[in-house]
Amino acid sequence: MKQYFALIIISLLFQCSADLRQVPPPTKNGNLSRNKVNLPIVIGKFEILSADRGVYTDAWRMAWKGHLLSSGIFTKVYNELDPNEVKDFYTIDVEMKTNFSDRYNWWYTWPALYPFTAIWPIQYRLGEYSVEFHYKLYLNKNLQKEETIIKKGNAEEFLYGFFKVRNFHRMIEETNLEAVNVCLKNLESSL
């Protein structure tokens with residue numbers, strides 16, 4: 001029994017989990033000189049509803065600001081704005097939820113636990129990720145639009161799935177970018 005306990009502890013120590021902190025960098029839009037709206041926007045409440053939100057909330061806030069700037073919708077994007085300086089402005093509040101789950105096909109993967117611990121190459125792993133953006137757009141404290149956008153993605157790894165997480169990170173970043181782009185298109189179409 002001690003052998004199995006030690007084997008389980010060793011296998012748990014070497015398992016790599018996917019990192020959900022994949023923030024998509026903003027891309028430059030070619031037409032930044034003509035904005036759709038001549039009013040600035042303020043990023044109000046930006047919350048990530050997950051256990052480790054403190055780690056990457058600031059990174060998401062800056063990425064969100066970069067995406068709003070590069071979209072060419074608004075003239076300026078602020079994190080904070082003095083209402084005495086500017087009379088009319090938009091405010092956006094965002095709540096973000098993420099969920100990642102992975103599972104293994106143990107019919108292929110079991111030799112990686114015993115007898116070929118950490119050297120058996122066939123470790124079939126399937127990762128599923130979903131991101132949900134819920135945003136509210138205000139014009140001078142009057143609600144203009146409220147919407148929830150959900151995007152899902154999945155990736156799989158066949159060889160060394162315990163250790164190779166690059167495909168999962170790429171899938172998470174692409175799903176996040178797709179959700180942000182849908183948010184921006186819906187914002188633009190509603191103005």
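Here a trainee and a mentor talk through the terms used for this predicted model.

Trainee: Let's start with the big picture. What makes up the secondary structure of the protein?

Mentor: Four helices and five strands. Going from the N terminus, the order of elements is α-β-α-β-β-α-β-β-α.

Trainee: And how are the strands arranged in the sheet?

Mentor: The five strands make an open sheet, ordered 2-1-3-4-5, with mixed pairing.

Trainee: Why are strand 2 and strand 5 called edge strands?

Mentor: Strand 2 (77-78) and strand 5 (142-159) each pair on one side only, and that is what puts them at the edges.

Trainee: Strand 2 looks tiny to me. How do you know that strand 1 and strand 2 pair?

Mentor: Count the bridges. Two strands pair if there are at least two bridges between them, and two bridges join strand 1 (residues 41-48) to strand 2. So the pair meets the cut-off of at least two, and the two strands run parallel. In this pairing, isoleucine 41 sits opposite valine 77 of strand 2.

Trainee: What about strand 1 and strand 3: how many bridges join them?

Mentor: Six, again with the strands running parallel. Phenylalanine 46, for instance, has valine 94 in strand 3 as its bridge partner.

Trainee: Then what makes the sheet mixed? Which strands pair in the antiparallel sense?

Mentor: Strand 4 (residues 122-139) and strand 5 do, over 16 bridges. Set that beside the parallel pairing of strand 1 with strand 3, and you have the mixed pairing of the sheet. Among the facing residues, histidine 134 is opposite threonine 148 in strand 5, while glutamate 132 has isoleucine 150 as its bridge partner there.

Trainee: What links strand 4 to strand 5?

Mentor: They form a hairpin, with two residues between them. Asparagine 140 is in that loop, and lysine 141 lies in the loop as well.

Trainee: What stands out about the backbone at asparagine 140?

Mentor: Its phi is positive, about 50°, although asparagine 140 is not a glycine. Lysine 141 also has a positive phi, near 70°, and is likewise a residue other than glycine.

Trainee: Why is lysine 141 called exposed, and why is asparagine 140 called partly exposed?

Mentor: Exposed means over 50% relative accessible area, and buried means under 20%. Lysine 141 has 74%, so it counts as exposed. Asparagine 140 has 28%, which falls between the two cut-offs, so it counts as partly exposed.

Trainee: How about the protein as a whole: what share of its residues counts as buried?

Mentor: Of the 191 residues, 39% count as buried. The protein exposes about 11400 Å², and 54% of that comes from carbon and sulfur atoms.

Trainee: Which residues make the nonpolar surface patch?

Mentor: Tyr108, Phe158, Leu159 and Tyr160, covering about 380 Å².

Trainee: What makes phenylalanine 158 partly exposed?

Mentor: Phenylalanine 158 is found in strand 5. Its relative accessible area is 39%, which is neither under 20% nor over 50%, so it is partly exposed. Patch residues need over 30%, so phenylalanine 158 clears that cut-off too.

Trainee: Now the loop between helix 3 (106-109) and strand 4. Where does alanine 118 come in?

Mentor: Alanine 118 lies in that loop. Leaving aside neighbours within four places in sequence, alanine 118 is in contact with Ala112 and Phe163. Alanine 118 and phenylalanine 163 are 45 residues apart in sequence, with 9.1 Å from C-alpha to C-alpha.

Trainee: Hang on, how do you know that counts as contact?

Mentor: Contact goes by heavy atoms within 4.5 Å, so the C-alpha distance of 9.1 Å doesn't rule it out.

Trainee: And is alanine 118 exposed, partly exposed or buried?

Mentor: With 35% relative accessible area, alanine 118 is partly exposed, as the value lies between 20% and 50%.

Trainee: What is special about the bond between tyrosine 114 and proline 115?

Mentor: The peptide bond there is cis, with omega at about 15°. Proline 115 also has its place in the loop between helix 3 and strand 4.

Trainee: Last one: which strands does helix 4 lie across?

Mentor: Helix 4 (residues 166-190) lies across strand 3 (90-104), strand 4 and strand 5, and runs at about 160° to strand 5.

Methods. Residues numbered from 1 in each chain as written. Predicted model: local features only at pLDDT ≥ 70, side-chain atom pairs only at ≥ 80, totals over all residues. Heavy atoms only, no water. Axes fitted to C-alpha atoms, helices over the stretch in contact; angles between N-to-C directions. Patch = residues over 30% accessible without salt bridge, like charges linked within 9 Å, V, L, I, M, F, W, Y side chains within 5 Å. Areas by Shrake-Rupley, 256 points an atom, 1.4 Å probe, with all protein chains shown as cover. Salt bridge = Lys/Arg side-chain N within 4 Å of Asp/Glu carboxyl O. Buried < 20%, exposed > 50% of the residue type's maximum accessible area, 1.4 Å probe, protein only.
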